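Q: Please take a close look at one strand of this predicted model. I would like to know how it is placed and what surrounds it.

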Amino acid sequence: MNAKVFSGTMPALMTPCKADRTPDFDALVRKGQELIAAGMSAVIYCGSMGDWPLLTDEQRMEGVERLVKAGVPVIVGTGAVNTAKAVEHAAHAARVGAAGLMVIPRVLSRGPSLTAQRHHFKAILAAAPQLPAVIYNSPYYGFATRADLFFALRAEHPNLVGFKEFGGPADMSYAAETITRADDTVALMVGVDTCVFHGIVNCGATGAITGIGCVLPKEVLHMVALSNAAAKGDVEARQRALELEAALKVLSTFDEGPDLVLYFKHLMVLKGNPEYTLHFNETDALTASQRGFAEAQLKLFDAWYAEWSKLPGAVQTYKA
């Protein structure tokens, strides 16, 4: 099973809402196509950014199918409380022609149980053996996948070809040291926006799954390109990547908090995407102070990037 699909830069699509707070699948598809045209290698749907807990199973499947039919390569999130439901999403993804799976741990019911999670992962992987899959490791799901479990699963399910790490620098280093560097056919994907440089340069990540990349696709592709060049020893690219990472720091850090979708949707609106104004729950909203903070940070970053991106070292190493 080829892990190549888990490379490049993949935005985690949010689900836009209509006025009645139901999914706007036309807008979802337009954004997916736009991001692929910008240079993204695939999109993720439904991970946390896609509000999977707030959608029905039918809505999630419709979003996946609409993206696939539109020619958008999509990695499908399998988040569920019930393993049987996760299996349905995996099987549906395979049936409609998705590009891969992002296997999410079982939540709430027996979430901390190693035995329960092993059976949960196995069931998902077995439901779509033809689809390459990564396990999504995140503290927010309450379960840490370690090397022994990963390789036990991989021994029985060759479609398990990668690891998406959301836990931060230490967890990224652990994944590289004990999982992905043990086997060159296993991909490591950076799963948190604040760790792109560390993941690619220090841990050998093959790409990044991004939230802020939905808002700033050109700039995040630039960051990944600089990091890839730095990973090959390019001194100037290393310097420029660290500068860009520092400038993106505040906006990227929204990815680490519980209000990430609220922040990123607001930033999308500021960037000219009004279809992201609403949330599925009417009471889900940023405070006035949060909105003002996000707006000021985006304005500051945009002004900085407009000047910084003209510098020769930034331009020369940028390949979208």
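**Strand β7 and its surroundings**

A: Strand β7 covers residues 187-190; A187 and M189 point one way from it, L188 and V190 point the other way, and all are buried. In general, side chains in a regular strand alternate between the two faces of the sheet.

One partner of β7 is strand β6 (residues 160-165): the two run parallel and are joined by 4 bridges. In this pairing G162 lies opposite A187 of β7. Between β6 and β7 the chain passes through helix α6 (residues 169-178), and this β-α-β crossover is right-handed.

Strand β8 (residues 207-210) also pairs with β7, again in the parallel sense, over 2 bridges. Here V190 stands opposite A208 in β8. Helix α7 (residues 196-202) belongs with β7 and β8 to a right-handed β-α-β unit.

The wider setting is an open sheet of 8 strands with parallel pairing, in the order β1-β8-β7-β6-β5-β4-β3-β2. Its edge strands, β1 (8-11) and β2 (43-45), each pair on one side only. From one strand to the next, the twist averages 25°.

Elsewhere in the sheet, strands β3 (residues 74-77) and β4 (residues 100-103) run parallel and are joined by 3 bridges, with V76 opposite L101 in β4. Helix α4 (residues 114-127) packs on the sheet and touches β4, β5 (133-137) and β6; the direction of α4 makes about 170° with that of β4. Helix α5 (residues 147-156) packs on the sheet too, touching β5 and β6, and its direction makes about 155° with that of β6.

Terms used:
Residues are numbered from 1 along each chain as its sequence is written. This is a predicted model: local features need pLDDT of at least 70, side-chain atom pairs count only at pLDDT 80 or more; totals for chains, interfaces and linings use all residues. Side-chain values use heavy atoms; hydrogens and water are left out. Buried means under 20% relative accessible area, exposed over 50%, partly exposed in between (1.4 Å probe, protein chains only). Two strands pair if DSSP finds at least two bridges between them. A crossover is right-handed if, with the strands pointing away from the viewer, the path from the first strand over the helix to the second runs clockwise. Axes are lines fitted to C-alpha atoms, for helices over the stretch in contact, and angles run from 0 to 180 degrees between N-to-C directions. Contact means heavy atoms within 4.5 Å.
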